[in-house]
Amino acid sequence: MLITKSPTKEELAAAAGKTVADILEPDLKVLFCGINPGLYTAVKGHHFARPGNRFWPTLHAAGFTPVKFEPHQEQELLQLGYGITNVVSRATANAAELNKAELIEGGIELVEKVILYQPQVLALLGLSAYRVAFGRPTADIGLQEQTIGHTKLWVLPNPSGLNGHYPPKKLAKVYTELRAFVDSL
């Protein structure tokens, strides 16, 4: 296990607006798409790096990874056919700092990225962000009718530890549904 110090308040403040590089290559099975990087993630330079974010434990619990990856192992997802991007690339203290126009613009850019890289499934991690970015106000968790070319869209709950609607077991269950769908393709 890699042990690192927590960022200082100054480091976190300086991370506002920074970006984190996509983990991306053509023809992935699943491109996981967060809403935007948090400040902690931007400081660390790895997706879902904040302690308490449940992305990495949930991927393992749902069978996407053979072991629980740590954020610094994110590149290893590519070997398994998975990648990571975000709807909006700029880091903020929380997603509530994003405005509707940013989410819509991010959705447009995401569509362009998906057309270019053609993953089998785009898994959007955040129902509210999906609804705004893609103009689908009544969308729900799960497989969507909408596609981007041949890419299927699947909406998952945000894995943030702040998402109290989905405790770890419930979160793993809905992510497992996506994995079973991908395995059937």
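1. Two strands are taken to pair if DSSP finds at least two bridges between them. In this predicted model, strand E4 and strand E5 (residues 151-156) satisfy that criterion, pairing in the antiparallel sense over 4 bridges. Within this part of the structure, Ile-148 stands opposite Thr-151 in E5.

2. The wider context of that pair is an open sheet of 5 strands, with the order E2-E1-E3-E5-E4 and mixed pairing. Its edges are formed by strand E2 (82-86) and strand E4 (142-148), each of which pairs on one side only. From one strand to the next, the twist averages 25 degrees. As a general point, strands of a sheet pair through backbone hydrogen bonds, in either a parallel or an antiparallel sense.

3. Helix H7 (residues 168-184) packs on this sheet. The strands touched by H7 are E1 (30-34), E3 (121-125), E4 and E5. The direction of H7 makes about 165 degrees with that of E5.

4. The largest pocket deserves a separate comment. About 940 Å³ of space lies within the largest pocket, and 40 residues line it. Nearest its centre are Ile-35, Ala-95, Asn-158, Ser-160 and Leu-162. Two elements give two or more residues to the lining, namely helix H2 (39-44) and helix H6 (127-133). Of the elements, H6 gives the most, with 4 residues.

5. The composition of that lining may be noted by class. In the largest pocket, 22 lining residues are nonpolar, 17 are polar and 1 is charged.

6. Two backbone conformations should be inspected in the model. The first topic is Phe-48, which lies in the loop between H2 and helix H3 (55-61). Phi of Phe-48 is near 55 degrees, a positive value in a residue other than glycine. Is Phe-48 buried or exposed? Phe-48 counts as buried because its relative accessibility is 12%, and the cut-off for burial is under 20%.

7. The other residue under this heading is Gln-118, found in the loop between helix H5 (100-117) and E3. Phi of Gln-118 is near 50 degrees, which is again a positive value in a residue other than glycine. The strand that follows this loop, E3, is part of the 5-stranded sheet and is touched by H7.

Terms used:
Residues are numbered from 1 along each chain as its sequence is written. This is a predicted model: local features need pLDDT of at least 70, side-chain atom pairs count only at pLDDT 80 or more; totals for chains, interfaces and linings use all residues. Side-chain values use heavy atoms; hydrogens and water are left out. On a 1 Å grid over the protein atoms alone, a cavity is a set of points where a 1.4 Å probe fits but cannot get out, and a pocket is an open set with protein on both sides within 12 Å along at least five of seven lines; lining residues have an atom within 4 Å of a point. Grid points are joined across faces, edges and corners, and a volume is the space filled by probe spheres set on the points. Ala, Val, Leu, Ile, Met, Phe, Trp, Tyr, Cys and Pro count as nonpolar, Asp, Glu, Lys and Arg as charged, and the others, Gly among them, as polar. Axes are lines fitted to C-alpha atoms, for helices over the stretch in contact, and angles run from 0 to 180 degrees between N-to-C directions. Contact means heavy atoms within 4.5 Å. Buried means under 20% relative accessible area, exposed over 50%, partly exposed in between (1.4 Å probe, protein chains only).
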